[in-house]
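Colleague: Before I rely on the wording used for this structure, I would like each term set against its definition.

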Protein chains: 2
Amino acid sequence: MSSHPSNPPGDAPAPNPPEATNRALSRRKLFGAAGVGAAVVGAASAGALAGRASASNPATGEVQTEVPFRGERQAGIVTASQDRMHFCAFDVTTDDRSEVVAMLQQWTAMAERMTRAEEAVEHGAVGLNPYAPPADTGEALGLSPSQLTLTIGFGPSFFTKDGKDRFGVADRRPAALIDMPKFPNETMDPARSHGDICVQACANDPQVAVHAIRNLARVAFGTAAVRYSQLGFGRTSSTTRDQATPRNLFGFKDGTANLKAEDTAALDRHVWVADGDGPAWMTGGTYLVTRRIRMRIESWDRTTLLEQERVIGRLKGSGAPIGHADEFAALDLTTKSSKGTPLIDTDAHVRLASKENLGGIEILRRGYNFTDGTDGFGHLDAGLFFIAFVRDPRTSFVPMQTALSRSDALNEYITHTGTALFACPPGLREGDASAYWGSTLFS
Amino acid sequence: MSSHPSNPPGDAPAPNPPEATNRALSRRKLFGAAGVGAAVVGAASAGALAGRASASNPATGEVQTEVPFRGERQAGIVTASQDRMHFCAFDVTTDDRSEVVAMLQQWTAMAERMTRAEEAVEHGAVGLNPYAPPADTGEALGLSPSQLTLTIGFGPSFFTKDGKDRFGVADRRPAALIDMPKFPNETMDPARSHGDICVQACANDPQVAVHAIRNLARVAFGTAAVRYSQLGFGRTSSTTRDQATPRNLFGFKDGTANLKAEDTAALDRHVWVADGDGPAWMTGGTYLVTRRIRMRIESWDRTTLLEQERVIGRLKGSGAPIGHADEFAALDLTTKSSKGTPLIDTDAHVRLASKENLGGIEILRRGYNFTDGTDGFGHLDAGLFFIAFVRDPRTSFVPMQTALSRSDALNEYITHTGTALFACPPGLREGDASAYWGSTLFS
């Protein structure tokens, strides 16, 4: 509620009719000539105005290129993992299907613009009409695309909530979109779990990712509300072969054996929903699993190096499997030490999570390190926001987590505190103007 | 508590005496030859091992250079603002002065190493002794210095807590290190306020900043505990003239009129504690003020552009003062519109915060945007973690905040939820091996 009166037009400097248009144009012009510092943001600004900014920023060198929004698949799944993430789960607050569809259509148009580093809406921040709220919140003005990707998914509660088929899609809920079972060693916070819709925003500049989520949340007002959001400050996986393997907060390289974008046959087998797997609207899509994993880093940090390596099954320095020197050496699950015990322990994390142990199961991981302040007991509230993409969670994540939650030596140092599952439809094809996020579900 | 037995040496692959040394050397070697992806991190790894990594990363282009840890002033104050921040306030949990001094000495050595992208302790992560916990947590292995700075400060409660002079320094508490008064429009969360010691970690790579805080917190175990920590994902100020002005979460350029590193005379007048200002141990230091400012971005986003610009007093696109076209134009506080009202409103933020309005007061701002998940009511918990450095808060921040908290039009959209004040001693001189963080206070 504003306690200030509406601004009389006279308060705007030297208005000339048609004022609104002039203002917008002059804003644009001003924005392009920002005085000191203009050289630094010049390339990015010009790019934003022109609708693309593919050059790298000479001042920061950050990878600024654009990731195509459209394609056979949604971006942000096998896209080379960006450095930062803002993940958001929404609750739909209306029962009106047409309102949800309208929001998804609006989101789609905004998302496509924002991945090109354009304002969410044309002239959104420095609007054509100064008497209206800006249609873009502005904090990403002048920033590059930063490889922003926005990936949407629909949770089980989108199809049926409290027994109610709010949007007439209950019969389209895929059987694979299960209610996630309860596993051992989890203390789930309902306020950090589930959600009707999720949007995963990944970018190299976190301000770009936050801006995208914030603008989607803004226009959702009255239709959907933020259920929870999670910032990830560092990627914990590589999804292409040219990315170096990053480290998680246990200090170990994470995702060495991850599926990679180049493994197209394996992705077809393990990640992409095939024709006939379930309802047609999900063909070409995938399922997104999240687990907020709190790490007890203080306990971990007081554990010997040898124990840390035994628990993981890899060497901390190189990331190589125990018994090997190369990070990418195949896991050696059979060789024994001189004492007759396996080099990779029977309850080592990499053994239990390996495809060899799981009858060939592989998942595409895309998680991020997080630190959410403190836990109130003198510790950082830190961990890993695990994200995986799978073709069918019933035959991949669930058996994997069943094995891990029962026996993984790592369980001593982690607790799962949030969980969710979302169905991510296929991508929107280039030139298909009628398609929008979820249109295969609603058509 | 580990439920696993100690690792018998036989579990390590092919041990050769002296095993520990060989392990460490081989780790190092492995680390330098990380297989696929080595090219990407090669320069940084080599730099880390050699103790410096000043080249920029050709893959990410992130600014990786090293900021000198030592100097007349602490780094992280007039250092060009890095992109990301992890701020941590600690409570000292011991009453033993020697333990605190020992921790500060250890912190100093670790901090100096970490700002050079070295492990916190030599061979810390891939230790010389596999039967000991690693002395570095490892998640920054292979990452560059990323311009990491670590800045320490001591809060009022470090000098006297609950009426007790725990460390024999009560008589050294500067008069300027006040107990911050209560202002209007604040709802302070004690769990996000104050603290005995603070460390501000700034870096371009957030993982580098988080790693630094985490390792300091780790070795503090038994001596100090994390009171609160705050991640900032985007800088909201420029502190050198070659930095472009960033935007805060209201979408406006922030810090246009900030003091800059180049303004050495103004810094001497407004930021650096001079000889005779107070106790000698603070000469050359400064005072760090924090305010966690929650922004009601949802209300803001529903406000017209004209009102937003009226509230701030600047144009959203260019950042120019209302009535001007250039961001860096001097504030024009006297010109009136055709209706006879000032172009910059009487309660506009920039007017009230201006040196013209405050009798010449200027502060050095160095804040960061934050998003801490959700507020539980469908909104992002977002805002600005305000940090300022001042020569004396009694004559700078307090009168400024008194004026702002009473009249600022922006108050409708913000609430201060955390506050702290810390005394930051001068820097440690090059070559002075006996100096440590706080040594001027304890000597």
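The exchange below takes the terms one after another.

Modeller: This is a predicted model, in which local features need pLDDT of at least 70, side-chain atom pairs count only at pLDDT 80 or more, and totals for chains, interfaces and linings use all residues. Residues are numbered from 1 along each chain as its sequence is written, while chains are lettered from A and ligands numbered from 1 in the order in which they are written.

Colleague: What pLDDT does chain A average?

Modeller: With pLDDT being the predictor's confidence in each residue, from 0 to 100, chain A averages 87, and 86% of the residues score at least 70. Over residues 1-55 of chain A, however, the pLDDT is below 50, although this stretch has 101 contacts in the model beyond near neighbours in sequence; a contact requires C-beta atoms, placed from the backbone, within 7 Å. Where pLDDT is low, the predicted coordinates should not be read in detail. The model scores ipTM 0.88 and pTM 0.89.

Colleague: Why is Glu327(A) called buried?

Modeller: A residue is buried if 20 or more other C-beta atoms, placed from the backbone, lie within 10 Å of its own, exposed if 12 or fewer, and partly exposed in between. Glu327(A) has 25 other C-beta atoms within 10 Å, and is therefore buried. Its place is in the loop between α8 (305-312) and α9 (349-353) of chain A, helices being DSSP runs of H or I of at least four residues and strands runs of E of at least two, numbered from the N terminus.

Colleague: What makes the span of helix α5 of chain A agree with expectation?

Modeller: The expected span is 1.5 Å times one less than the number of residues, so the 14 residues of α5(A), residues 206-219, should span 20 Å, and the end C-alpha atoms are indeed 20 Å apart. Since 13 of those 14 residues are buried, α5(A) is largely enclosed by the rest of the structure.

Colleague: How do you know that strand β3 of chain B pairs with β1(B)?

Modeller: Two strands pair if DSSP finds at least two bridges between them, and β1(B), residues 84-92, has seven antiparallel bridges to β3(B), with Arg84(B) opposite Ala203(B). Strand β2(B), residues 149-154, is joined to β3(B) by six bridges, also antiparallel, and there Thr151(B) has Gln200(B) as its bridge partner.

Colleague: What makes β3(B) mostly covered?

Modeller: Seven of the seven residues of β3(B), residues 197-203, are buried, among them Ile197(B) on one side and Cys198(B) on the other.

Terms used:
Contact = placed C-beta atoms within 7 Å.
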